[in-house]
2 protein chains.
Amino acid sequence: MKNFASWQNIQDMLRRRIIDGTWKPGELIPSEKRLAEEFQCARATVNRALRGLADTGLLDRRRRAGSRVATEPSRYATLKIDIIRLEVERRGAKYRHVLIENRRTVPPRRLQYQMKIHDEIEMLSQSTLHLADDKPFVYEERWLNPSVLRNIFQIDFDQVSANEWLVRNVMFTHGDISFSAANITASEADLLDANEGDAAFVIERTTWQDEQCITSVRLLHRPSFSMRVELS
Amino acid sequence: MKNFASWQNIQDMLRRRIIDGTWKPGELIPSEKRLAEEFQCARATVNRALRGLADTGLLDRRRRAGSRVATEPSRYATLKIDIIRLEVERRGAKYRHVLIENRRTVPPRRLQYQMKIHDEIEMLSQSTLHLADDKPFVYEERWLNPSVLRNIFQIDFDQVSANEWLVRNVMFTHGDISFSAANITASEADLLDANEGDAAFVIERTTWQDEQCITSVRLLHRPSFSMRVELS
DNA sequence: CAGTGGTCTAGACCACAAG
DNA sequence: TTGTGGTCTAGACCACTGG
């Protein structure tokens with residue numbers, strides 16, 4: 001007999017029952033064992049299907065208590081954090097970047113705090129403009145920590161943006177990212193070919209390798225930029 | 001002998017090898033079979049560990065070709081889409097909402113397109129202000145599709161916000177969400193207790209149940225709002 | 001063709017928590 | 001105490017694709 005009951009099939013069937021209200025929010029669903037009997041498959045197969053549903057927030061699962069349809073079914077959206085060059089190219093445009101500033105200096109207090117750094121160490125401070133079809137796309141302000149990136153002063157960031165170099169050469173263990181909106185300043189407006197006060201989408205990201213901060217970056221997108229994600 | 005080699009342990013060890021450069025970007029790592037021998041465990045256990053690493057973008061896996069460390073290790077950030085009330089309460093504030101407008105009307109063209117609706121049907125149009133500690137937090141403009149939400153005109157949205165009612169009562173099969181920035185208008189500024197032109201963080205979300213659009217919503221956050229996510 | 005990852009199975013033991 | 005989910009095992013077959 002063929003396997004019509006792959007874990008994907010089972011997951012789809014179970015998701016359907018949740019979505020169409022066969023099993024209502026808060027309700028207990030049959031145990032893995034019973035579902036395995038129903039679908040004539042091994043419990044591990046049902047487990048794989050249910051785990052996926054729990055991961056997306058549709059189910060709450062607890063040992064002994066069983067699996068319940070989530071009462072407040074949070075949904076999760078997964079953002080892909082890409083190299084800016086790829087993001088530009090994905091939009092069908094030609095990518096180019098310009099390194100505007102690149103100097104060693106001590107970061108301001110606010111950033112020391114953000115990077116969880118306690119010494120007044122010198123870092124590499126960069127300003128980069130990323131362009132799509134030669135039109136301003138993102139203005140990037142970045143701080144790079146030379147205590148982690150030993151050879152950082154030898155890299156030619158005119159050839160490769162720090163954004164891309166880091167992704168290819170340095171992996172982080174953890175980090176945080178925040179999204180917000182900001183009115184752009186006169187000088188930023190100049191760089192982004194926009195008007196002072198325009199609302200811009202801002203991403204701030206800081207990454208660490210174990211306890212050491214690698215880099216902190218602020219990406220100021222051109223006005224009208226929007227980031228889109230599919231929900232499933 | 002105890003199992004010191006749970007799939008989590010194995011995943012951590014393998015992740016470490018990728019992060020510290022033992023295995024470099026683009027490099028082929030040992031097959032599941034070999035790793036299972038190394039860790040003295042079943043292949044399924046290694047598989048579970050590797051699958052997780054592939055899911056987060058650290059590995060590229062292909063049948064026959066084996067597993068390679070990703071050349072462009074995309075990282076993924078998972079956003080939890082919560083009920084606004086919970087988001088306010090998570091920030092330690094008291095939640096309250098005010099239904100400002102609630103009327104039946106035909107949505108404008110732009111929204112018909114966004115909702116992939118082809119008929120000039122009447123919908124429920126709502127404006128809601130969400131408050132945190134009685135201070136404006138988010139201004140919400142929402143369209144609800146009565147062809148899917150049959151009893152929508154009977155719900156008392158003064159008691160429960162549409163945001164919360166929908167999450168608890170209607171599940172979607174898919175949707176899309178976009179993040180952007182906007183200069184707030186004079187009337188929005190009035191509602192949000194801000195100034196005209198201030199930059200506000202905007203979330204637009206549209207959800208469907210199979211082919212039918214359920215709702216489309218635009219959330220205009222108070223200036224200074226930011227959304228933060230952990231990367232791991 | 002052969003070796004890889006993808007999946008499924010039947011069984012087992014364990015950790016947990018509701019009753 | 002007992003039934004649940006969480007995990008691991010040893011083995012198997014399949015789908016895919018590089019050589």
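By class, six nonpolar, seven polar and 10 charged residues make up the surface near DNA strand C. The model described here is a predicted one. In it, DNA strand C is surrounded by 23 residues, of which the closest are A:Ser6, A:Trp7, A:Cys41, B:Ser31 and B:Arg64. Two or more residues of this surface come from each of α3 of chain A and α2 (32-39), α3 and β2 (66-69) of chain B.

DNA strand D is likewise surrounded by 23 residues, and here A:Arg64, B:Ser6, B:Trp7, B:Cys41 and B:Ala42 are the closest. At least two residues each are supplied to the surface near DNA strand D by α2 (32-39), α3 (43-55) and β3 (66-69) of chain A, together with α3 (43-55) of chain B. The table sets out the make-up of the two DNA surfaces and of one side of the protein interface.

| Surface | Nonpolar | Polar | Charged |
|---|---|---|---|
| Near DNA strand C | six residues | seven residues | 10 residues |
| Near DNA strand D | six residues | seven residues | 10 residues |
| Side of chain A that touches chain B | 22 residues | 12 residues | nine residues |

The report now turns to the protein interface. Here 43 residues of chain A are in contact with 43 residues of chain B. On the side of chain A that touches chain B, the elements giving two or more residues are α1 (7-19), β4 (75-81), α6 (162-169), β8 (174-183), β9 (199-209) and β11 (226-231) of chain A. The largest share of that side, 10 residues, is contributed by β8(A).

The strand β8(A) also pairs across the interface: over six bridges, it runs antiparallel to strand β10 (residues 226-231) of chain B. Within this pairing, A:Ser180 stands opposite B:Ser226, and A:Gly175 stands opposite B:Leu231.

An open sheet of seven strands includes this pair, with antiparallel pairing and the order β5(A)-β6(A)-β7(A)-β10(A)-β9(A)-β8(A)-β10(B). The edges are held by β5 (95-105) of chain A and β10 of chain B; each has a single partner strand, so one side of each is left without a neighbour in the sheet. From one strand to the next, the twist averages 15°. The helix α6(A) packs on the sheet, where it touches β6 (123-132), β7 (135-144) and β10 (212-221) of chain A. The direction of α6(A) makes about 55° with that of β7(A). This helix is also among the elements on the side of chain A that touches chain B.

Conventions
Residues numbered from 1 in each chain as written. Chains lettered and ligands numbered in written order. Predicted model: local features only at pLDDT ≥ 70, side-chain atom pairs only at ≥ 80, totals over all residues. Contact = placed C-beta atoms within 7 Å. Helix = DSSP H or I, 4+ residues; strand = E, 2+ residues; numbered from the N terminus. Nonpolar A, V, L, I, M, F, W, Y, C, P; charged D, E, K, R; others polar. Pairing = 2+ DSSP bridges. Near = placed C-beta within 6 Å. Axes fitted to C-alpha atoms, helices over the stretch in contact; angles between N-to-C directions.
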